[in-house]
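Subject: Handover of a structure and notes on its contents

Dear colleague,

Please find below the structure I am handing over to you. My notes on what was found follow it.

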Number of protein chains: 2
Amino acid sequence: MLKNSEFVSKLRNSGLRPTKQRLKICEVLFNRDKTFHFTINDLAKNISKNFNEKISLATIYNTVHAFKDKGYLKEITISSDKSYFDTNITKHHHFYDEDTNLLIDCNDNEIGKVNIKNNITGKKISSVEVLVRVASDNQNQN
Amino acid sequence: MLKNSEFVSKLRNSGLRPTKQRLKICEVLFNRDKTFHFTINDLAKNISKNFNEKISLATIYNTVHAFKDKGYLKEITISSDKSYFDTNITKHHHFYDEDTNLLIDCNDNEIGKVNIKNNITGKKISSVEVLVRVASDNQNQN
DNA sequence: CATTTAGTTTAGAACTATTATAAATTAGTT
DNA sequence: AACTAATTTATAATAGTTCTAAACTAAATG
């Protein structure tokens, strides 16, 4: 409720009408202390459980993609069967815990700067992303 | 044809029966000078176009996954709508050309070693992968 | 070498995530 | 208040992948 007017201008500034549904999604995604990771499914469940109103799946897809296109969300690809989104839009890398299927942000003191010595000729680098997969120490002890 | 016996022992050694279909897939994937990237769809088309016999899609999925599990292939996740596989199973990173949707291997002189200073407690690193997305220089000039 | 059995292949159904569609609704404008 | 264009919605459609159960085949056994 608090930051509602912020969300309204955020949406207006990027040419998106501040509809009831989009504001609700903003509230769920951005009215928090910490950033987090989610799948479309997570978000849909979250909304339908914690609020009376239902937002259609199509709208959730549309909105998440619109937010991604406007730079309010980052998409992270870990596995081909699901898309993860991140409300942390700063440049950063990830740990992926294969035991729990949980994504964890890396801070700069965890992964040093990636040194790209040679880029493809005529191309511009649009992003550099490191994914560190981790698993329980005693994984392969069978 | 040449390396057929190698494939037979490769398969036997990992507990997979050397069937006609698996040997054909081995031939297509591994009887080459250079490693390459492919999707299941690519592979299925390749087989049906270049050979008389057809291998069922289910078998292609089964075999590719078996090969992946045995460490003969690496899976690379770039986008959530498709799985890419790599016959280069050495540790290496990738460029992804967003204009052409093509994956390109990085050699060690293109990306320096990634320095992971802090790992998650109690976990072992199972892989470290860097994906450098690149796009045409004049991408955003509209 | 015939028989058995366990693994493999297959076509097609089923499933899951995502996108498209077209009608109903809503926001913002005139 | 009426109009226009954007948005939402339920549902259908699509694409990639996995499941299923019957048919087939490789290897093991007698």
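In these notes a residue is called buried if its relative accessible area is under 20%. Phe36(B), at 18%, is therefore buried, and Phe38(B) is likewise buried, with a relative accessible area of 2%. Please bear in mind that the model is predicted.

Aromatic rings and charges

The two residues just named also form an aromatic pair, one of ten found over all chains. The pair of Phe36(B) and Phe38(B) is tilted, with 5.6 Å from centre to centre and 35° between the planes. The ring of Phe36(B) has a further partner: the charged end of Arg32(B) sits over it, 3.8 Å from the ring centre. Elsewhere in chain B, the charged end of Lys10(B) is placed over the ring of Tyr72(B), at 4.5 Å from the centre of that ring. In chain A, ring pairs join Phe30(A), Phe67(A) and Tyr72(A) into a cluster.

DNA strand C

Which residues come nearest to DNA strand C? Of the 20 residues around this strand, they are Arg12(A) and Tyr61(A) from chain A, with Thr19(B), Gln21(B) and Arg22(B) from chain B. Sugar and phosphate make up 81% of the atoms of DNA strand C that come within 4 Å of the protein.

Several polar contacts reach phosphate oxygens of this strand. An N or O atom in the side chain of Tyr61(A) is 2.7 Å from a phosphate oxygen of DNA strand C. The side chain of Thr59(B) places an N or O atom 2.9 Å from a phosphate oxygen of the strand, while Ser56(B) uses a backbone N or O atom, at 3.1 Å from a phosphate oxygen. The elements that give two or more residues to the surface near DNA strand C are helix H4 (57–69) of chain A and, in chain B, helix H2 (20–30) and helix H4 (57–69). H4(A) supplies the largest share, four residues. By class, this surface has seven nonpolar, seven polar and six charged residues.

DNA strand D

DNA strand D is surrounded by 20 residues, and the closest are Thr19(A), Gln21(A), Arg22(A), Arg12(B) and Tyr61(B). Of its atoms within 4 Å of the protein, 79% belong to sugar or phosphate and the rest to bases.

A contact to a base is found here: an N or O atom in the side chain of Arg17(B) is 3.3 Å from a base nitrogen of DNA strand D. Phosphate oxygens of the strand are approached by a polar side-chain atom of Tyr61(B), at 2.7 Å, and by a backbone N or O atom of Ser56(A), at 3.2 Å. Two or more residues of the surface near DNA strand D come from each of helix H2 (20–30) and H4 of chain A, and from H4 of chain B. H4(B) gives the most, with four residues. The residues of this surface divide into seven nonpolar, seven polar and six charged.

Backbone geometry

Two asparagines deserve a note. Asn101(A) has a phi near 60°, a positive value in a residue other than glycine. Asn101(A) is found in the loop between strand S4 (94–97) and strand S5 (102–105) of chain A, and is partly exposed, with a relative accessible area of 43%. In chain B, Asn101(B) has a positive phi of about 60° although it is not a glycine. Asn101(B) lies in the loop between strand S4 (94–97) and strand S5 (102–105) of that chain and is partly exposed at 42%.

With kind regards

Conventions: Residues are numbered from 1 along each chain as its sequence is written. Chains are lettered from A and ligands numbered from 1 in the order in which they are written. This is a predicted model: local features need pLDDT of at least 70, side-chain atom pairs count only at pLDDT 80 or more; totals for chains, interfaces and linings use all residues. Side-chain values use heavy atoms; hydrogens and water are left out. A residue is near a molecule or strand if one of its heavy atoms lies within 4 Å of it. A polar contact is a pair of N or O atoms within 3.5 Å; within protein, one must be able to donate a hydrogen and the other to accept it, and residues adjacent in sequence count only if both atoms are side-chain atoms. Ala, Val, Leu, Ile, Met, Phe, Trp, Tyr, Cys and Pro count as nonpolar, Asp, Glu, Lys and Arg as charged, and the others, Gly among them, as polar. Rings of Phe, Tyr and Trp (its six-membered ring) pair if their centres lie within 6.5 Å; planes under 30 degrees apart count as stacked, over 60 as edge-to-face and the rest as tilted. Buried means under 20% relative accessible area, exposed over 50%, partly exposed in between (1.4 Å probe, protein chains only). A charge sits over a ring if NZ of Lys or CZ of Arg is within 6 Å of the ring centre and within 35 degrees of the ring normal.
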